[in-house]
Amino acid sequence: MILRDFFMYLSENRTLNAAAQRYGLKMGAQSVVAGTNIKETIDSIKELNNHGIACTVDNLGEFVFEKSEAIAAKNQILELIQAIHDHGVDAHISLKPSQLGLDIDIDFCYENLKEIVALADQYGIFVNFDMENYDRLHPSFELMEQLNNEHQNIGTVIQAYFHESDENIEKYKNYRLRIVKGAYKEPANIAYQDKAEIDAKYIKLIEYHLLNGKFTSIATHDHRVINHVKQFVKTNNIPNDKFEFQMLYGFRKDMQLQLAKEGYNFCTYVPFGRDWYGYFMRRLAERPQNLTLVTKQVFNK
Ligand code: FDA
């Protein structure tokens, strides 16, 4: 718990984030971040596609407080969508509303998102709204609902640790949903703290959406959950085209390949960009064993 809190604290440190941006991918981050630019990222996507794995691509970016930063992020995502289309790769977009200006002005954020979603829609590319901390949960849902009036190529994430996730999954069951356990540090009055309780809720939400929802992305590295889902879809005759498994780039690579080989739809979450620091620290917070990635990089020079 102490290590987790320490890495969460580091992930929220703006000064360290800015310092990290000045250097390339360091401290083992290159194992879990696909590249710093679009060209390197398209190459990584092509390689995964060759193994039958689709990708959801995230232009990393945090601490956006200036409109100019949000506009730069929007332009980068538009360029990425164009590149996905031009190269004909099997990939869609994951984005964080805060990167597009949610903390600055919600109408400004809406306009940025609209441009992105419209271009992606034109090319038949899906856009997933990643979910961040609780303060941004409801504004993000609202933005998605508003955009859905014009574009249906959008979906979002349900975080199992929130007490209200049962209501949210029901409310948004007609969207394509990624279901996760939840990555941010949240207080006990809004989120479960106990791992066993979160795991149980996680399974419940996955089963609900598989039976009642549109399309389910089961995003986890937990083999117990994956095995449970394999059995559940079989028992309930849920066809493979109703769901996919997702994992983060660089994690459990053998299992990613194996699931794709077994014929399941598999999608790797591919983060890229110069702003890798906060993302990387959150991965260390989730699983301090990931520190071995760091030590290997530091000592195997
Ligand atoms: P968890 O950390 O609970 O581990 C359970 C067990 O799985 C471990 O005890 C171990 O046995 C095994 N295991 C886990 N990782 C392993 C590894 N690397 N190697 C070997 N064994 C391992 N969160 C959020 O709040 N908003 C979001 O939008 C997203 N988006 C997202 C997309 C994708 C594709 C993924 C995979 C995850 C997210 N998350 C997220 C993060 C998510 O909420 C969660 O914090 C992490 O996935 C960690 O939980 P897991 O279920 O993966 O395993």
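This passage describes the fold of one chain and the surroundings of its ligand. The model is predicted.

The chain contains 12 helices and eight strands. It has 301 residues, of which 42% count as buried. Among contacts with a separation of 6 or more, 70% link residues 24 or more positions apart.

The eight strands close into a barrel. Their order is E1-E2-E3-E4-E5-E6-E7-E8, and the pairing is parallel. From one strand to the next, the twist averages 30°. The pairing of strands E2 and E3 serves as an example. Strand E2 covers residues 91-95, and strand E3 covers residues 127-129. The two run parallel and are joined by three bridges. Ser-94 has Asn-128 in E3 as its bridge partner.

The ligand is surrounded by 21 residues. Val-180, Ala-183, Ala-219, Thr-220 and His-221 come nearest to the ligand. Two elements give two or more residues to this shell: strand E4 (154-159) and strand E7 (243-248). Strand E7 provides the largest share, with three residues. Both E4 and E7 appear in the strand order of the barrel.

The composition of the shell is mixed by class. Ten of its residues are nonpolar. Six are charged and five are polar. The nearest residues include Val-180 and Ala-183, along with Thr-220 and His-221.

In summary, the predicted model shows a parallel barrel of eight strands, and two of the strands, E4 and E7, each give two or more residues to the shell around the ligand.

How values were computed:
Residues numbered from 1 in each chain as written. Predicted model: local features only at pLDDT ≥ 70, side-chain atom pairs only at ≥ 80, totals over all residues. Near = placed C-beta within 6 Å. Helix = DSSP H or I, 4+ residues; strand = E, 2+ residues; numbered from the N terminus. Nonpolar A, V, L, I, M, F, W, Y, C, P; charged D, E, K, R; others polar. Pairing = 2+ DSSP bridges. Axes fitted to C-alpha atoms, helices over the stretch in contact; angles between N-to-C directions. Buried ≥ 20, exposed ≤ 12 C-beta atoms within 10 Å, placed from the backbone. Contact = placed C-beta atoms within 7 Å.
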